[in-house]
Amino acid sequence: MSEIIRAAALLGAGLCMGMGALGPGIGEGFTAGKACESISRSPENAGLITRTMLVGQAVSESTGIYSLVIALLLIFAV
């Protein structure tokens with residue numbers, strides 16, 4: 001019975017990390033693309049746009065870090 005629980009925890013960790021990395025990856029790529037478009041339209045604001053893009057990407061990356069923590073808990077605590 002414990003092997004089934006262990007297997008389910010490992011499967012859950014893999015799913016958690018996969019789904020948790022998918023959202024930030026798509027979001028950061030979309031943000032970088034829109035920032036490049038904005039910089040091409042107004043190059044004089046490149047510094048402000050880049051700074052805002054980096055803050056937004058850091059916020060969206062936090063969900064990936066949370067999923068990593070949950071995956072590590074599932075791997076090592078269960």
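A salt bridge, as the term is used here, is a side-chain nitrogen of Lys or Arg within 4 Å of a carboxyl oxygen of Asp or Glu. With that in hand, we can look at one such pair, in which the side chains of glutamate 37 and arginine 41 meet in a salt bridge at 3.9 Å, N to O.

Before going further, I should say that this is a predicted model, in which local features need pLDDT of at least 70 and side-chain atom pairs count only at pLDDT 80 or more, while totals for chains, interfaces and linings use all residues. Residues are numbered from 1 along each chain as its sequence is written, and side-chain values use heavy atoms, with hydrogens and water left out.

Let me begin with the overall picture. The secondary structure of the chain comes to two helices and zero strands, where helices (H or I, at least four residues) and strands (E, at least two) are DSSP runs numbered from the N terminus. Along its principal axes, the C-alpha trace spans about 65 × 15 × 10 Å. The radius of gyration of the chain is 18 Å, whereas a compact globule of 78 residues would have one near 12 Å; this radius is taken over C-alpha atoms, and the globule rule is 2.2 Å times the number of residues to the power 0.38.

Now to the helices one by one. Helix H1 has 40 residues and reaches 59 Å from its first C-alpha to its last, close to the 58 Å expected at 1.5 Å a residue, and the expected span is 1.5 Å times one less than the number of residues in the helix. For H2, with its 32 residues, the span should be 46 Å at 1.5 Å a residue, and its end C-alpha atoms are indeed 46 Å apart.

How do these helices meet? The buried residues of H1 pack against helix H2, which runs over 46-77, and what covers the buried residues of H2 includes H1. By buried I mean under 20% relative accessible area, by exposed over 50%, and by partly exposed anything in between, with a 1.4 Å probe and protein chains only. In H1 the buried residues are Ala9, Ala13, Cys16, Gly20, Pro24 and Ala35, while in H2 they are Ile49, Met53, Gln57, Gly64, Ser67 and Ala71. Across the chain, buried residues make up 17% of the 78 residues.

Which residues does serine 67 touch? Leaving out residues up to four places away in sequence, serine 67 touches Cys16, Met17, Gly20 and Ala21, a contact being heavy atoms within 4.5 Å. Serine 67 lies in helix H2, and it counts as buried because its relative accessibility is 6%.

Alanine 32, which has its place in helix H1, gives another view of the two helices together. Alanine 32 touches Met53 and Gln57, again not counting residues up to four places away in sequence. Alanine 32 and glutamine 57 are 25 residues apart in sequence, and their C-alpha atoms are 8.4 Å apart in space. Because its relative accessibility is 25%, alanine 32 counts as partly exposed. For the chain in general, residues 24 or more positions apart account for 78% of the contacts with a separation of 6 or more.

Let us return to the charged side chains. Side chains of opposite charge can pair when their charged atoms come close. How many salt bridges does the structure hold? It holds two, and besides the pair I opened with, the side chains of lysine 34 and glutamate 37 meet at 3.6 Å, N to O. Lysine 34 and glutamate 37 both lie in helix H1, three residues apart, about one turn of the helix, and glutamate 37 and arginine 41 also both lie in H1, four residues apart, again about one turn. Lys34, Glu37 and Arg41 are thus linked in a network of salt bridges. Lysine 34 is partly exposed, at 40%, glutamate 37 is partly exposed, at 37%, and arginine 41 counts as exposed, at 63% relative accessibility.

Finally, the surface. The chain exposes about 5,400 Å², of which carbon and sulfur atoms supply 76%; accessible areas come from the Shrake-Rupley method with a 1.4 Å probe, and for residues only the protein chains shown count as cover. Methionine 1 lies in the segment before helix H1, which covers 2-41, and at 71% relative accessibility methionine 1 counts as exposed.
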